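Let's take a walk through this one, with an eye on a loop and on some charged side chains. Have the viewer open and follow along.

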Amino acid sequence: MAVWAHETQRDQDGYFTTSTERFRTGTYALTSDEVDLGSHSGRADPSDLGDLARVRVRATGAGGRLVFVGIGPERAVDAYLRGVARDEVSHVDFDPFRVAYRSQPGSAAPAPPARQAFWVARASGRGTQTLEWDLRGGTWVLVVMNADASRGVLVDLDVGVKVDLLLPVGIGLLAGGLLLLAGGVTMVALGARSRPAPEAAAAA
């Protein structure tokens, strides 16, 4: 929780929000690692986690490009992007900002993302696009693409989480997963980590 508070700040809408940073790939899509919020036997847990937290992803396509950002079930996202070249965000540090990608090769071209019906939350268009989603049980992936499904994604991105401060246990458990949802983020992802100094680690 201390790392979460250190790396983020609460905005006027009540979200703990990462700084806005630029993510890029020469492939068709940026994706997060999958984030498991509760699943059993391959089926989504019916529990609604929206009372615990809501996630917000804001994405702005650089150079006036139309951007698409969406959160979808892991299996559906994998099927949609099968054979498509993409970069998976595997790790993010914010102080200073550094991002690591895991490349997934492919030769297929994807269909436009907005035509897909499996997204549980999505936003698409020119300028800053805002996606908001109440958490649900299941395994999810954040996807960022050009709205026309073209190569070369260049986007400025931030991720926020709104939580019930009366549920500190829920905050601690959800913070890391929500950051991964946005970029490994992942959005939908972003995993902000802070390492203790050797002296502090030894004392602990």
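**From a loop to a charged network**

Start at Gly 26, which you'll find in the loop between S3 and S4. Keep in mind as you look around that this is a predicted model. Gly 26 counts as exposed, because its relative accessibility is 55% and the cut-off for exposed is over 50%. Exposed or not, Gly 26 has company from elsewhere in the sequence: leaving aside residues up to four places away, Gly 26 touches Arg 151 and Gly 152. Asp 87 is another residue to pick out from here, since its C-alpha atom is 8.6 Å from that of Gly 26, with the two positions 61 residues apart along the chain.

Now for the charges. Side chains of opposite charge can pair when their charged atoms come close. Taking a salt bridge as a Lys or Arg side-chain nitrogen within 4 Å of an Asp or Glu carboxyl oxygen, the model has six of them.

One of these joins Asp 156 to Arg 22, with N and O 2.9 Å apart. Trace the backbone and you'll see that this pair ties together distant parts of the chain: Arg 22 belongs to strand S3 (residues 21-25), while Asp 156 is in strand S15 (residues 153-163), 134 residues apart. How accessible are Asp 156 and Arg 22? Both land in the partly exposed class, Asp 156 at 21% and Arg 22 at 35%.

Next, move over to Arg 102, which pairs with Asp 33 at 3.1 Å between the closest N and O atoms. Here again distant parts of the chain are linked: Arg 102 is in strand S11 (residues 97-104), and Asp 33 is in the loop between strand S4 (29-32) and strand S5 (35-36), 69 residues apart. Arg 102 is partly exposed, at 36% relative accessible area. Asp 33, at 18%, counts as buried, because the buried class covers anything under 20%.

Arg 102 isn't finished yet. Its side chain also meets Glu 88 in a salt bridge, at 2.1 Å from N to O. Glu 88 is in strand S10 (residues 86-94), 14 residues from Arg 102 in S11. With a relative accessible area of 12%, Glu 88 is buried.

So what do Asp 33, Glu 88 and Arg 102 form when you put the pairs together? The three are linked in a network of salt bridges, in which a partly exposed Arg 102 is joined to a buried Asp 33 and a buried Glu 88.

Note on methods. Residues are numbered from 1 along each chain as its sequence is written. This is a predicted model: local features need pLDDT of at least 70, side-chain atom pairs count only at pLDDT 80 or more; totals for chains, interfaces and linings use all residues. Side-chain values use heavy atoms; hydrogens and water are left out. Helices (H or I, at least four residues) and strands (E, at least two) are DSSP runs, numbered from the N terminus. Buried means under 20% relative accessible area, exposed over 50%, partly exposed in between (1.4 Å probe, protein chains only). Contact means heavy atoms within 4.5 Å.
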